[in-house]
Amino acid sequence: MTTQDIEELKNCLQNGERKKITAIIEKLIANNTLPVTILNDALIPGMTRVGEKMKCGEMYLPEVLHSAGAMNAAMEILKPLLLQNNVQSAGRVLVGTVKGDMHDIGKNLVGIMLKGAGMEVVDLGVQAPPDKFVEAIKTHRPAIVGMSAMLTTTMLGMKTTIEAIASAGLRPSVKIIVGGAPVTQRFADEIGADAYARDAVRAAEKVKELLAAA
Ligand code: B1M
């Protein structure tokens, strides 16, 4: 993958060009570029650039939605390729974006990496309130619960969710991992999570460690 390919992919994300981004990715795959390289070298930095432009008022919400649509279209192509190594379930993981937060691209990526590492993933979707996590733990009995938050306001919902899980008497039965752009190791420690991961690849590694220690 050349620097020109990378720049083109970033531009496609910025301009929300679904057809073009899928065509470029298909060409790169046909030329044996690794899906994880496309993801890490072009798509994630591309979305970061969208975020920077959003922050300084160069891009507005409707445009960012188009960017998210292009990212999702790209992920549709990469997902089956990232899952190719899928093996027998190494453990069940419940994932969700917390209450009030509708960002799901990062959470979906974490889900893909977990599945790729052989985990069974139950996805609660976005804007999942604490009681939805509690009910899902009762129903699905996961070993691990993963929470995602992208806003400084909604990340506080992770604390509330951990408290709700504890109040329901379910805290000893699960290990909890948290992540998302504003989340840090320090915050994870403060709210009593068992682990924090900066990105989806590290999330899958941390979950493996948690399962091994359980
Ligand atoms: Co929003 N948004 N957004 N947005 N958005 C951010 C997060 C923001 C940083 C942009 C900015 O201002 N620079 C900012 C948050 C500021 C803050 O709180 N500090 C922001 C804002 C303000 C908002 C709104 C409030 C805007 C408004 O309405 N005025 C609004 C909130 C809506 C809501 O949730 N209630 C809003 C809305 C939206 C869209 C709907 C338009 C869209 C989301 C579409 C979707 O997800 N389907 C959107 C987008 C796309 C973004 C940015 C540009 C990109 C997010 C993304 O997908 N990144 C984002 C800017 C940015 O992040 N730089 C921004 C790519 C993705 C692969 O990375 O999600 O970080 P990420 O996930 C990573 C890691 O964080 C980690 O691994 C992933 C992969 O490596 N990770 C985990 C994530 N979850 C994890 C869980 C784990 C472990 C690791 O364990 C379980």
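## A walk around the cobalt ligand

Start by selecting His-103, which you'll find in the loop between strand S1 (92-97) and helix H5. Keep in mind that this is a predicted model.

Now show the ligand's cobalt atom and look at what the protein offers it. Which residue acts as its donor? A single one does: His-103, through NE2, at 2.2 Å.

Next, pick out the polar contacts. Select Asp-104: one of its backbone N or O atoms is 2.8 Å from an oxygen atom of the ligand. Move on to Ser-148, where a polar side-chain atom sits 2.8 Å from a ligand nitrogen. Then jump to Gly-51, which brings a backbone N or O atom to 3.0 Å from a nitrogen atom of the ligand.

Time to widen the selection. How many residues surround the ligand? There are 35, and the closest are Gly-100, Met-102, His-103, Asp-104 and Ser-148. Turn on a surface if you like: the space the ligand takes up is the largest pocket. Colour by secondary structure, and the elements giving two or more residues to this shell are helices H3 (35-55), H4 (61-82), H5 (105-116) and H9 (200-213), plus strands S3 (144-148) and S4 (175-179). H3 gives the most, with 6 residues.

Recolour by residue type and the shell splits into 20 nonpolar, 10 polar and 5 charged residues.

Last stop: colour by domain. Domain 1 (3-84) and domain 2 (92-213) each supply at least three residues to the shell around the ligand.

Conventions: Residues numbered from 1 in each chain as written. Predicted model: local features only at pLDDT ≥ 70, side-chain atom pairs only at ≥ 80, totals over all residues. Heavy atoms only, no water. Near = heavy atom within 4 Å. Polar contact = N/O pair within 3.5 Å; in protein donor to acceptor, adjacent residues only side chain to side chain. 1 Å grid on protein atoms, 1.4 Å probe; cavity = no way out; pocket = protein on both sides within 12 Å on 5 of 7 lines; lining within 4 Å. Sits in = over half its atoms within 2 Å of the grid points. Helix = DSSP H or I, 4+ residues; strand = E, 2+ residues; numbered from the N terminus. Nonpolar A, V, L, I, M, F, W, Y, C, P; charged D, E, K, R; others polar. Domains from an automatic or database assignment. Donors = N, O, S within 2.8 Å, 3.2 Å for Na, K, Ca; no water.
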